[in-house]
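The exercises below are to be worked with the sequence and the three-dimensional model at hand. Each consists of a task followed by a solution in steps.

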Amino acid sequence: MELRTPKGTRDLLPPATKVWAEVESIAREVFELYGYREIRTPIIEDAALFERGVGEGTDLVGKEMFSFPDKAGRRLTLRPESTASVCRAYVQHQLHLKPHPLKFYYMGPQFRYERPQKGRYRQFHQIGVELFGGAGGASYYHADVEVISLLVRFLQKFGLTGLEVKLNSVGDRESREGYRAALVDYFQKWQGTLSDDSKRRVLQNPLRILDSKHPDDAPAISGAPEITDYLNSLSRSHFDAVLNLLTDLGIPFRVEPRLVRGLDYYTHTVFEVVSHGLGSQDAICGGGAYANLIKQLGGPSVYGVGFAIGEDRLVELFSEESKRRLEGIGPLIVAPQAQNSKYGSAYEMDDAIALCEKIRAMGVPADWTMGRPEKVFKFAEYLNSRFVIFVSPDWGRTQVVSVRDMESKSLTTTPISHAIELWRSLHLIKREGRDD
Ligand code: HAM
């Protein structure tokens with residue numbers, strides 16, 4: 001039997017892994033700029049956490065969880081998202097006793113049993129943040145705005161075009177009850193034309209119908225009531241304050257009155273970032289505030305807000321050029337200059353290894369190979385290396401080597417120190433280009 005990755009999962013190979021690692025390192029840099037610190041939670045959690053936190057009526061919990069009993073019969077789930085896990089950790093470790101606002105970031109694999117397609121995997125990866133505290137340290141709407149501005153600043157690092165921040169408010173519980181009743185009334189009139197899934201949801205969870213991509217539902221959805229007409233004064237003023245501050249800060253967004261998001265814990269501000277370059281799976285980020293989740297999980301009443309970016313989808317948006325920039329440049333390649341035999345003997349490799357060690361000691365990456373020049377150049381190309389150093393046995397005395405520039409194909413004799421400088425200056429140029 002041929003063994004392959006399980007359905008909906010992928011191997012990530014170099015050089016793609018380098019692009020991913022760079023994205024994650026930029027995320028750490030930007031998040032830490034805003035005072036966020038890393039949290040790591042287990043990949044398995046009690047199934048009840050998501051049932052209680054995300055909501056039993058959601059697709060995520062109802063259809064998409066990888067759940068299984070362990071050997072002792074405990075019901076475990078591979079985490080389908082991390083907000084519930086971070087909130088569980090907040091409650092478990094009594095983090096409400098720490099000074100607020102309290103800010104966390106995380107990155108790692110998530111699991112959803114969905115039908116795989118481009119941009120949709122069963123194991124995918126999120127980079128996310130959660131901010132706790134609202135009134136205890138920052139007002140609620142400031143918390144929402146900070147999270148969105150952090151998100152925009154992070155995404156700007158990749159020079160992407162065609163991104164849009166869609167924003168809405170789902171209000172507090174009271175506002176949502178009024179809206180829910182209006183939706184039930186409205187969709188009942190459309191019962192005859194709705195898709196089967198949506199028919200079932202009219203009484204159970206009418207907000208979810210707004211998320212439906214089924215063509216039969218489109219006419220009903222297009223005329224559905226908008227939640228902004230049902231916000232009570234507290235929810236309305238919260239939302240207005242968010243819109244005003246985002247505008248003052250020059251952060252671009254579009255209010256999308258039917259954006260409701262697929263998870264039950266949201267209150268007030270919700271948002272998504274969509275890309276016009278991604279086809280049907282166009283959301284690269286989803287987020288929002290949750291005023292009741294910590295309490296629902298057994299903690300005190302604490303306001304939270306956060307987002308999660310789909311790293312797989314983010315990377316799919318990168319141009320070839322920006323991927324190459326994130327990959328960076330390969331190591332200096334050192335190969336023996338054939339002296340005694342045609343292609344370099346094992347003895348001559350001693351010189352190559354010794355020179356590699358010297359270069360590495362100076363903090364510059366170096367790798368070695370041997371063989372015919374064409375083979376050496378193939379190796380350099382594969383590692384995206386610009387320079388190959390051919391070393392002869394007297395390099396220790398002369399400190400001089402032959403350097404082949406893979407781009408111009410020129411071969412020059414030069415001091416070792418110069419070869420190292422060449423690598424360093426190229427590396428710097430690449431890194432500076434990163435912030436374009
Ligand atoms: P979500 O909208 O379910 O929100 O997921 C966030 C992002 O994860 C999506 O916008 C998408 O880019 C990516 N994603 C989701 N499912 C898949 C999949 N099957 N394959 C590839 N990418 C996927 C949450 O998970 C919330 N926890 C976000 C949040 C944090 N809200 C508050 N704090």
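**Exercise 1. Backbone exceptions**

Lys409 is exposed, with a relative accessible area of 58%; the classes used are buried for under 20% relative accessible area, exposed for over 50% and partly exposed in between, with a 1.4 Å probe and protein chains only. The model is a predicted one, in which local features need pLDDT of at least 70 and side-chain atom pairs count only at pLDDT 80 or more, whereas totals for chains, interfaces and linings use all residues. Residues are numbered from 1 along each chain as its sequence is written, and side-chain values use heavy atoms, with hydrogens and water left out.

Task: State the sign of phi at Lys409 and at Gln94, and locate the cis peptide bonds that end at Pro15 and Pro101.

Solution.

1. Most residues other than glycine have a negative phi, and most peptide bonds are trans.
2. Lys409, which is not a glycine, has a positive phi of about 65 degrees. This residue lies in the loop between β15 and β16; helices (H or I, at least four residues) and strands (E, at least two) are DSSP runs numbered from the N terminus.
3. Gln94 likewise has a positive phi, near 50 degrees, and is a residue other than glycine. Gln94 belongs to the loop between α4 and β5 and is partly exposed, its relative accessible area being 43%.
4. The bond from Pro14 to Pro15 is cis, with omega near 5 degrees, and Pro15 is in the segment before α1 (16–33).
5. His100 and Pro101 are joined by a cis peptide bond with omega about 0 degrees. Pro101 is in the loop between α4 (83–92) and β5 (102–111).

**Exercise 2. A sheet and its central pairing**

Task: Determine which strands pair with β12 and which strands stand at the edges of the sheet.

Solution.

1. Strands of a sheet pair through backbone hydrogen bonds, either parallel or antiparallel.
2. β12 (residues 332–336) pairs in the parallel sense with β13 (residues 366–368) over 3 bridges; two strands count as paired if DSSP finds at least two bridges between them. Leu332 has Ala366 as its bridge partner in β13, and Ile333 stands opposite Asp367.
3. β12 also runs parallel to β14 (residues 387–391), joined by 4 bridges, with Ala335 opposite Phe390.
4. The open sheet has 5 strands in the order β13-β12-β14-β15-β16, with mixed pairing. β13 and β16 (411–415) each have a single partner strand, so one side of each is left without a neighbour in the sheet. The twist averages 35 degrees from one strand to the next; angles run from 0 to 180 degrees between N-to-C directions, and axes are lines fitted to C-alpha atoms, for helices over the stretch in contact.
5. In β12, 5 of the 5 residues are buried. Leu332, Val334 and Pro336 point one way, and Ile333 and Ala335 the other way.
6. Helix α15 (residues 373–382) lies across β12, β13, β14 and β15 (400–405), at about 140 degrees to β14.

**Exercise 3. Helices and nonpolar cores**

Task: Compare the span of α6 with its expected value, then identify what covers its buried residues and which helix gives the most to the largest nonpolar core.

Solution.

1. The 16 residues of α6 (residues 173–188) should span 22 Å at 1.5 Å a residue, and the end C-alpha atoms are 22 Å apart, which agrees. The expected span is 1.5 Å times one less than the number of residues.
2. The buried residues of α6 include Tyr179, Leu183 and Phe187. Their cover includes α7 (196–204), α10 (233–248) and β9 (267–275), contact meaning heavy atoms within 4.5 Å.
3. The largest nonpolar core has 92 residues, of which Phe31, Phe132, Phe154, Phe187, Phe307 and Leu314 touch the most other members. A nonpolar core is a set of buried Ala, Val, Leu, Ile, Met, Phe, Trp, Tyr and Cys residues joined through side-chain atoms within 4.5 Å.
4. Helix α5 (residues 140–156) gives the most to this core, with 9 residues. Among the buried residues of α5 are Val147, Leu151 and Phe154.
5. Beyond four places in sequence, the contacts of Phe132 include His100, Pro101 and Tyr303.
6. Another core, of 21 residues, lies apart from the largest one; Met349, Phe387, Val401 and Ile416 are among its members.
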